[in-house]
Amino acid sequence: MIQVDGLGKQYKIGQFQRYDALRDSLGAALTAPARLVRRKKRVDTATRGEPFWALRDVSFEIEPGEIVGVVGRNGAGKSTLLKVLSRITDPTTGSATLHGRVGSLLEVGTGFHAELTGRENIFLNGAILGMKRAEILRKFDQIVEFAGVEQFLDTPMKRYSSGMEVRLGFSVAAHLETEILLVDEVLAVGDAEFQRRCLGKMKDVTRQGRTVLFVSHSLTAVRGLCPRSILLRAGRLEADGETEAVLSRYIAETLGGQSAVVAGEELERRTRTSWSSDHSRPLFHVERLALLDSRGSARNSFASDEPFEIVLDYEVKEPISGMWIAFRIVNDAQDVILHTEVRDWAESGLSHRTEPGHYRSRCVIPANLFGERRLFVTALVEGSGQDTLLESVIDFDITFQGYNDNYAEWGRKVYVRPQLAWTIEPLGTAGSEAPPLAQR
Amino acid sequence: MTVIEPSTGWLSLGFRDLWTYRELFYFLAWRDIKVRYKQTVVGAAWAILQPVLAMIVFSLIFGRAAGLSSDGYPYPIFVFSALLPWQLFSTALTQSSTSIVVNRQLVTKVYFPRLIIPVSSTLSGVVDFLMSFVVLIALMAYYGIAPPVWVFTLPLFVVLALATALAAGLWLSALNARYRDVQYTVPLLMQLWFFLTPVVYSTSILPAKFEFLYGLNPMVGVVQGFRWALLGSAPHIGVLTILAFVMTFVLLATGAAYFRRTEKVFADLV
């Protein structure tokens, strides 16, 4: 059983990837000597950035044997929730009580060492996940069999293919026997066949009456495994209930907007920005993201045979070096279908140094590229240590027009359906031997 | 049952938790030892080559050229008996001071008592030590030096060397998680510490009034203890040993407390 009560986790912005250089702290101490004396205070009112709640006042209860999915956009607090429940990081407020042994799988193959053999790594990884030596010994054959690495057991892991490594990692993890299992995105690895087997294994796990909290971007996986789901949004619990209901709310509310132009407060709310501690405020600011048709009007639905344009308006407040802008077209599970960036195009007008001012970046997505799908636009802007991410802020529909009069229905609902060159040439009479593959 | 709450104030060492995870401790130490000389040509021979080469260089420079006193023992054995604990100590300290950052993969992905990391990495030089110890025995036989009866106290000084390394390692590894400056300071620190420890010279060259101050460095007690247990005599061994134990205990207790206090945010920092 898991009981979560008012759980909150606060970060200082910029705390994620950076570490402090002693200089910073010393600098802070010099500019404000009183802070050194009142150390407690210094922690709270950090010199760097605003405090940021990755998790805020989250409460829920999970009964023994329940399988609960956790969904939400990137940065909604899913991973933080798992990290707090796994005791990797401390909560700032609230409490959680977990009855039973807890196993957490935040990635596969944690602690694998390239120089050690597969056999050695199984023991090491098992121990890291909290398995006893005797337990690993008992399950050893099953682990090896599931991973399919029998012949390579005594080969150093650096000779493994990444697929083998992932399979072995998952296999060890799948044999962890704890009453509570916290799983993060483990299924997002390996080839399709292995993912299917992982999903199957996860189903077995859930049938054993264990309590599982499953974080995933894959809505398909959540649908398949979890009768109940939790939706997180900006660190808060947004919905908790039957999976289908929660997922449809997630898709409706969290992904995309109704409008083909996103600006103002709506844009603000859906933008995630982090910047380096050298600056007290963001260096640039995205003002508008829009989808335009060839006549320049904003639209949310396009025929597959018309081009459209992604337009990004931004204001640069201080000179920026090495500006980088990318647009992505993604599906509802955040898989990237298309990625394009300003540096791909030599004549974009991008300069090494961007002076303050208002700018507009545009990129034309050509006609005859997509099949019939609902897609989302994500924009990423970076420069001078600032990252700004607008994830899935606009959704749009493509209606596939076909390339001939009688295109097959089943070939319509794919993500990418370009018109490509084909040729057919006669090679000889029937009954004669097939000619060799000709040299050009 | 696990209760997760914001941590407040000073914490205990969490011995029960450490005991539960004792196998992980063993596996991590085993891993560090196992991969130590992987992908090197001479492999574990490095364990012997390092101190032996250092001994030759020091004997030529400090013993022969500079003519430093070696308390009446042949200079090579005088320096080698000190190089052994010094290498054990310096490997242990270097490894443990970066251990949290080096193992950031584990720290950010799995829970286990964090103390296991610096403690297990302290042991990574033990096998090296045992191998060079064989060289020492050969060297003593060559010079015809028989150890005194109190040679059985030697493990005490081995433990003291490791404890001192761990004490400093706890402080430095926790600091290094926050301030990456630490890992650049450690090599310098080790050089200074080396010359503040009587490895290449004898304590007899020091003015007597500084002896107490000098003895505050626990490694003085360790090195002199080694000479005392192996060669038969070392000046002021009683006082130095007691001082070393007291200092190490203080460092160890404060280091563990500081480590425990900051470990909760390791995952957010590294």
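A residue counts as buried here when its relative accessible area is under 20%. By that cut-off A:Gly130 is buried, because its relative accessible area comes to 18%. The model in which this residue sits is a predicted one. A:Gly130 is found in the loop that links α5 and α6 (133–147) of chain A. Its partners, once neighbours within four places in sequence are set aside, are A:Arg101 and B:Tyr21, the latter being a residue of chain B. A:Val102 lies 28 residues away from A:Gly130 in sequence, and the C-alpha atoms of the two are 9.0 Å apart in space.

Stepping back to chain A as a whole, the secondary structure amounts to 11 helices and 21 strands. The chain has 440 residues, of which 47% count as buried. Of the contacts in chain A with a separation of 6 or more, 72% join residues 24 or more positions apart.

How sure is the predictor about all this? For chain A the mean pLDDT is 82, with 86% of the residues at 70 or more. The weak spots include residues 14–20 of chain A, where the pLDDT is below 50; this stretch nonetheless has 19 contacts in the model beyond near neighbours in sequence. Another is residues 31–48 of chain A, where pLDDT also stays under 50 and the model has 15 contacts beyond four places in sequence. Element by element, strand β14 (residues 308–316) of chain A comes out with the highest mean pLDDT, 95, while helix α3 (residues 39–44) of chain A has the lowest, 35.

Back on the helix that leads into the A:Gly130 loop, α5 (residues 118–128) of chain A meets helix α7 (residues 162–174) of chain A, their axes coming within 10 Å and crossing at roughly 45°. At that angle α5(A) is oblique to α7(A). On the α5(A) side the contact is made by A:Gly118, A:Ile122, A:Asn125 and A:Gly126, and on the α7(A) side by A:Leu168, A:Gly169 and A:Val172. The crossing of the two is right-handed.

Elsewhere in chain A, helix α4 (residues 78–85) is largely enclosed by the rest of the structure, because six of its eight residues are buried. The buried set is made up of A:Lys78, A:Thr80, A:Leu81, A:Leu82, A:Val84 and A:Leu85, so a lysine and a threonine are listed there along with the leucines and the valine. Just after α4(A) comes A:Arg87, whose phi is positive, at about 70°.

Chain B is built along other lines, with 13 helices and one strand. In sequence order the strand leads and the helices follow, giving β-α-α-α-α-α-α-α-α-α-α-α-α-α. Buried residues make up 52% of the 270 in chain B. Among contacts in chain B with a separation of 6 or more, 81% are between residues 24 or more positions apart.

One helix pair in chain B is worth a look. The axes of helix α8 (residues 154–178) and helix α11 (residues 218–231) of chain B come within 9 Å and cross at roughly 160°. With that angle, α8(B) is roughly antiparallel to α11(B). From α8(B) the contact takes in B:Leu154, B:Phe157, B:Val158, B:Leu160, B:Ala161 and B:Thr164, and from α11(B) it takes in B:Pro218, B:Gly221, B:Val222, B:Gly225, B:Phe226, B:Trp228, B:Ala229 and B:Leu230. This crossing is left-handed.

Residues from both of those helices turn up again around B:Thr248, which belongs to helix α12 (residues 237–262) of chain B. Not counting residues up to four places away in sequence, B:Thr248 touches B:Leu160, B:Ala163, B:Thr164, B:Ala167 and B:Pro218. B:Thr248 counts as buried, because its relative accessibility is 4%. What does its side chain have for polar company? A polar atom of the B:Thr248 side chain lies 2.9 Å from the backbone oxygen of B:Ala244.

B:Ser70 shows a similar kind of pairing, this time from the loop between α3 (45–65) and α4 (75–102) of chain B. A polar atom of the B:Ser70 side chain is 2.7 Å from the backbone oxygen of B:Tyr73. B:Ser70 is buried too, at a relative accessible area of 10%. Beyond its neighbours within four places in sequence, B:Ser70 is in contact with B:Tyr75 and B:Phe78.

Notes. Residues are numbered from 1 along each chain as its sequence is written. Chains are lettered from A and ligands numbered from 1 in the order in which they are written. This is a predicted model: local features need pLDDT of at least 70, side-chain atom pairs count only at pLDDT 80 or more; totals for chains, interfaces and linings use all residues. Side-chain values use heavy atoms; hydrogens and water are left out. Helices (H or I, at least four residues) and strands (E, at least two) are DSSP runs, numbered from the N terminus. Buried means under 20% relative accessible area, exposed over 50%, partly exposed in between (1.4 Å probe, protein chains only). A polar contact is a pair of N or O atoms within 3.5 Å; within protein, one must be able to donate a hydrogen and the other to accept it, and residues adjacent in sequence count only if both atoms are side-chain atoms. Contact means heavy atoms within 4.5 Å. pLDDT is the predictor's confidence in each residue, from 0 to 100. Axes are lines fitted to C-alpha atoms, for helices over the stretch in contact, and angles run from 0 to 180 degrees between N-to-C directions. Angles under 35 degrees count as roughly parallel, over 145 as roughly antiparallel, 65 to 115 as roughly perpendicular and the rest as oblique. A crossing is left-handed if the near helix is turned anticlockwise from the far one by less than a right angle, and right-handed if clockwise.
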